[in-house]
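This report is an introduction for a reader who has not yet examined the structure shown below. It treats two sheets, one pocket and two individual residues in turn.

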Amino acid sequence: MIHMSVDDVARATGAEVLLPGSVDVAGEVVIDSRLAAPGGLFVAFAGERVDGNAYLGAAARLGAAAVVASAEPAPEALAEARERGCAVLRAEGDDCEEFLLRLARAWREAHPDWLVVAVTGSVGKTTTKEMLAAAFGSQRRCHATRGNLNNLIGGPLTVLSAPDDTEVLVCELGMNHPHEIERLAAACQPALAAITNVGTSHIGILGSRENIARAKAEIVSGMRALGELPRTLALTSSCDYTPFIEEGFARPAGVEVVRVGAAPADAVRAESVSLDDEGRPTARVLCSDGWSREVTLSVPGRAAVDDLLLAVALVWRAGLDRDVALDAVAAMTATSMRLDVREAPCGARVIDDSYNAAPASMASSLDVLAQMACPGRRVAVLGEMGELGGEAVRLHGYVGAYAAAKGVDLLVLIGGELADAMAEAARTMGLSEDRVERLATVEDAVRVIAPVLGAGDLVLVKASRAAGLDGFVRGVLQR
């Protein structure tokens with residue numbers, strides 16, 4: 001919730017005041033007119049399917065203190081706003097994205113005492129964000145990114161929704177193109193940050209893993225010290241691009257680096273990592289100052305341990321109690337559609353990891369499928385991955401081959417040519433024809449696969465969000 005005068009909003013963003021209004025903005029910033037509330041601010045994006053400018057008057061009727069247009073407002077909208085005492089602004093260049101980023105930066109700069117913690121990376125950033133929120137929230141008033149609102153719209157909305165009394169703000173920063181993390185980091189200005197890893201997500205847009213590493217390293221450009229707390233970036237020692245980021249970006253910018261992992265020289269490391277029958281990891285976490293603690297996570301998969309180490313490193317750097325923080329992280333539940341194990345009426349267990357996918361996260365989830373106890377069949381239901389460009393066929397082939405190597409009992413592949421690439425690679429690696437099922441749509445998969453699942457089966461469901469495999473999960477759980 002922000003509180004600013006209309007003139008201050010205009011000064012911070014470069015927006016033109018078309019109608020001054022009668023009250024200050026003191027409420028939520030929203031981009032859906034249906035969510036507009038008394039005192040709030042509605043920003044009208046001109047989307048491909050819905051033009052928010054058509055709802056300026058509706059937001060005014062709901063009590064918004066101000067509305068921001070991205071086109072010339074209709075006369076009736078101006079009349080409605082004037083009658084209600086609602087201010088009308090027009091975003092500079094009609095760019096509502098930039099408007100939000102500038103407004104978020106102004107709100108952040110109005111709270112110089114906030115400790116902002118940011119996380120980015122190809123895989124695991126949402127889990128790491130949730131761990132950071134739990135860890136810092138165990139000891140401070142913490143506000144964090146909701147769900148996956150980590151892009152150039154969701155990022156500033158996270159900052160703008162932070163209450164005045166926030167002590168720690170945890171921001172997840174996502175990207176599809178160069179300079180997006182740079183813009184997000186400038187808006188939230190973190191003192192502490194983490195990069196989980198550098199994978200192949202968005203390689204079709206960025207062209208190479210080195211370019212992906214450069215994009216992730218943009219987080220350094222927006223970092224700001226908080227009093228005596230120096231800017232600190234936590235990196236995983238197992239990532240092959242960690243030296244590139246540390247030596248090429250962090251150190252030249254004067255940002256301290258903390259490495260975490262399994263190497264003896266790591267400041268925070270994990271030893272004696274084991275997985276139980278549900279795939280939940282137990283590890284002893286050690287810090288270079290002699291502190292150590294064993295912890296069992298509720299989030300399945302070995303990859304969650306590295307996410308935990310990043311959280312521990314930043315909690316330690318902030319001077320908080322690591323034992324209390326680990327207790328809070330251990331009590332976390334799985335994030336919706338991210339390795340969320342659910343019981344189906346047929347008796348099968350479904351590992352719902354349908355939110356998103358990249359080659360590395362596909363492999364990690366297949367590891368979980370192989371490691372969990374399973375009296376029945378191990379079934380992998382996989383869809384296609386997006387934004388891999390010219391590498392798409394090769395990387396999908398790797399996933400199919402990896403699934404075959406993990407010895408799944410049934411591999412269900414949904415989609416088109418890229419699903420074909422996974423199927424061909426799986427067969428080449430020796431997975432027999434009767435263990436590979438190719439289906440064109442999610443509806444086909446529900447019709448063909450759901451009826452044959454039974455008690456004891458363990459079913460992994462994973463793909464990029466656009467593949468819609470959450471529909472398969474619903475189909476199985478509703479039978």
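## Two sheets, a pocket and two residues

In this predicted model, 6 strands form an open sheet in the order 17-18-22-19-20-21, and their pairing is mixed. The edges are held by strand 17 (340–343) and strand 21 (436–439); each has a single partner strand, so one side of each lacks a neighbour in the sheet. On average, neighbouring strands of this sheet are turned by 20 degrees against each other, direction ignored.

Within this sheet, strand 19 (residues 378–382) pairs with strand 22 (residues 458–462) in the parallel sense, over 5 bridges. In this pairing, Val381 has Val461 of strand 22 opposite it. Helix 15 (residues 417–428) packs on the sheet and touches strand 19, strand 20 (410–414) and strand 21. The direction of helix 15 makes about 170 degrees with that of strand 21. Helix 17 (residues 470–477) lies across strand 17, strand 18 (349–353), strand 19 and strand 22. With strand 18, helix 17 makes an angle of about 160 degrees.

Ser365 belongs to helix 13, which covers residues 359–371. Is Ser365 buried or exposed? Its relative accessibility is 3%, and Ser365 therefore counts as buried. The side chain of Ser365 is joined to that of Asp353 by a polar contact of 2.5 Å. When residues up to four places away in sequence are not counted, Ser365 touches Leu339, Asp353, Leu460 and Lys462.

A second open sheet can be described in the same manner. It has 9 strands in the order 9-10-8-11-12-13-14-15-16, again with mixed pairing. Strand 9 and strand 16 (292–296) are the edge strands, and each of them pairs on one side only. From one strand to the next, the twist averages 20 degrees.

In the 9-stranded sheet, strand 11 (residues 192–195) and strand 12 (residues 232–236) run parallel and are joined by 4 bridges. Ala194 stands opposite Ala234, a residue of strand 12. Helix 12 (residues 322–330) packs on this sheet, where it touches strand 15 (281–287) and strand 16. Between the directions of helix 12 and strand 16 the angle is about 10 degrees.

The table below collects the helix and strand angles.

| Helix | Strand | Angle between directions |
|---|---|---|
| Helix 15 (residues 417–428) | Strand 21 | about 170 degrees |
| Helix 17 (residues 470–477) | Strand 18 (349–353) | about 160 degrees |
| Helix 12 (residues 322–330) | Strand 16 | about 10 degrees |

Asp327 is found in helix 12. Asp327 counts as partly exposed because its relative accessibility is 44%. Along the chain, Asp327 and Glu210 are 117 residues apart, and a distance of 37 Å separates their C-alpha atoms.

The second largest pocket has a volume of about 680 Å³. It is lined by 25 residues, of which Ile31, Leu149, Ile153, Gly154 and Leu157 are the closest to its centre. At least two residues of the lining come from each of strand 4 (29–30), strand 9 (142–144) and helix 6 (154–160). Which element gives the largest share of the lining? Helix 6 does, with 4 residues. Strand 9 thus has two places in this account: an edge strand of the 9-stranded sheet and a contributor to the lining of the second largest pocket.

Key:
Residues are numbered from 1 along each chain as its sequence is written. This is a predicted model: local features need pLDDT of at least 70, side-chain atom pairs count only at pLDDT 80 or more; totals for chains, interfaces and linings use all residues. Side-chain values use heavy atoms; hydrogens and water are left out. Buried means under 20% relative accessible area, exposed over 50%, partly exposed in between (1.4 Å probe, protein chains only). A polar contact is a pair of N or O atoms within 3.5 Å; within protein, one must be able to donate a hydrogen and the other to accept it, and residues adjacent in sequence count only if both atoms are side-chain atoms. Contact means heavy atoms within 4.5 Å. Two strands pair if DSSP finds at least two bridges between them. Axes are lines fitted to C-alpha atoms, for helices over the stretch in contact, and angles run from 0 to 180 degrees between N-to-C directions. On a 1 Å grid over the protein atoms alone, a cavity is a set of points where a 1.4 Å probe fits but cannot get out, and a pocket is an open set with protein on both sides within 12 Å along at least five of seven lines; lining residues have an atom within 4 Å of a point. Grid points are joined across faces, edges and corners, and a volume is the space filled by probe spheres set on the points.
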